[in-house]
Amino acid sequence: MTQSPSHSAGVSPPRLLQLLAQSGAPLADGPLPCCGERLGRLFGLSDTLVLDSAIAFRTRHPGMNQGPTFKRIIQELATTRTALVRKISTYGDDIEPTNNVDFELYLNSWLTLQRRVVGASRQLRDKTRKAMKEHNQNLARLAELDSTFDHAMTGYTSQCFSHISKVLEQRFQALSPAEQTTSDHSLETGIAPDDWLHRYCEEAQNLLLAELDVRLEPVLGLLEACHNEVMDSP
């Protein structure tokens, strides 16, 4: 997201990118480079060696059916997501209203919620990989590959998601009537001056909800692979 997000012609961009564009982030129309080229930019020599080792990975454990464990993780994921959605929907309620609205207060509150999202998704992903390594060789290798990609892309991923807070700051300033007259502000934003903060909190909530879904995608992909493996096992 440090670069202008882009998408292929005829393909709708993900919801997070759509919301960022609506909040003022640039959305380029040019096609992305091929997957191999993008991975080549992220993987250094050491990462490539680790990836090669992951592809050849063989577990030392005989393997035990982890079907019940996978089901528990799926239930935990659903429960965790519901709790996070409920918490995110209260964003802004804990900040005492004042005449001079301080963006730092709203930013710090949002970053706290973002850290909870990161921590929860990380915990679920680690639990899933652990169970996969104990199930059989196929899932153990996939868990090792996922861990390798996760490690190699951690820095890039953090950099991308950190861009959201910058977009929020720009949006806060654009909506704030602090340096505009009432008439100018209403014409520019299309909302009444008294409603701008509520509008900002709603947009910040939607961005974090979209980020939550993006961060849970790797876990969902792993769990789908686990489900398919268990169903295909004799």
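This section describes the fold, the nonpolar core and selected residue contacts of a predicted model.

The protein chain contains eight helices and zero strands. Read from the N terminus, its elements run α-α-α-α-α-α-α-α. Of the 234 residues in the protein chain, 37% are buried. The chain exposes about 14000 Å². Carbon and sulfur atoms supply 53% of that area. Contacts within the chain reach across the sequence: among those between residues at least 6 apart, 74% join residues at least 24 apart.

The structure holds zero disulfides. Two cysteines were examined for burial. C160 has a relative accessibility of 8% and is therefore buried, as the limit is under 20%. C201 has a relative accessibility of 9%, so C201 counts as buried too.

The largest nonpolar core comprises 44 residues. Within this core, L20, Y91, Y106, I164 and Y200 touch the most other members. Five helices each supply at least two residues of the core: α1 (15-22), α4 (67-88), α5 (103-135), α6 (137-175) and α8 (196-232). The largest share comes from α8, with 14 residues.

Y106 shows how distant parts of the chain meet at one core residue. Neighbours within four places in sequence are left aside here. Y106 is in contact with Y91, G92, I95 and V101, and also with F172, L197, Y200 and C201. Two of these partners, Y91 and Y200, are themselves listed with Y106 among the core residues that touch the most other members. Another partner of Y106 is C201, the cysteine with 9% relative accessibility.

Helix α5 spans residues 103-135. At 1.5 Å a residue, its 33 residues should span 48 Å. The C-alpha atoms at the ends of α5 are 48 Å apart, which agrees with that expected span. The N-terminal end of α5 is capped by D102. A side-chain oxygen of D102 lies 3.0 Å from the backbone nitrogen of E104.

Helix α1 contributes two neighbouring residues to the analysis, L19 and L20. Both L19 and L20 are found in α1. L20 has a relative accessible area of 1% and so is buried. L20 and L168 are separated by 148 residues in sequence, yet their C-alpha atoms are 8.9 Å apart. L19 is also buried, because its relative accessibility is 13% and the limit is under 20%. L19 and A204 are 185 residues apart in sequence and 9.6 Å apart in space, C-alpha to C-alpha. Beyond neighbours within four places in sequence, L19 is in contact with N206, L207 and A210. These three partners are numbered within the range of α8 (196-232).

Helix α6 holds both S165 and V167. V167 is buried, with a relative accessible area of 1%. With neighbours within four places set aside, V167 is in contact with L20, S23 and A25. V167 thus lists L20 as a partner, and L20 is one of the core residues that touch the most other members. V167 and A21 lie 146 residues apart in sequence, with a C-alpha to C-alpha distance of 9.4 Å. S165 has a relative accessibility of 18%, so S165 still counts as buried under the 20% limit. Residues up to four places away in sequence are not counted among its partners; S165 touches F103, L107, W110 and L111. These partners carry numbers within the range of α5 (103-135).

V85 is found in helix α4. At 25% relative accessibility, V85 counts as partly exposed, because buried requires under 20% and exposed requires over 50%. V85 and N206 are 121 residues apart in sequence and 9.9 Å apart in space, C-alpha to C-alpha. Leaving aside neighbours within four places in sequence, V85 is in contact with L209 and L212. Both partners are numbered within the range of α8 (196-232). N206 also appears among the contacts of L19.

How values were computed. Residues numbered from 1 in each chain as written. Predicted model: local features only at pLDDT ≥ 70, side-chain atom pairs only at ≥ 80, totals over all residues. Heavy atoms only, no water. Disulfide = S-S within 2.5 Å. Buried < 20%, exposed > 50% of the residue type's maximum accessible area, 1.4 Å probe, protein only. Helix = DSSP H or I, 4+ residues; strand = E, 2+ residues; numbered from the N terminus. Contact = heavy atoms within 4.5 Å. Areas by Shrake-Rupley, 256 points an atom, 1.4 Å probe, with all protein chains shown as cover. Core = buried A, V, L, I, M, F, W, Y, C linked by side-chain atoms within 4.5 Å. Expected span 1.5 Å × (residues − 1). Polar contact = N/O pair within 3.5 Å; in protein donor to acceptor, adjacent residues only side chain to side chain.
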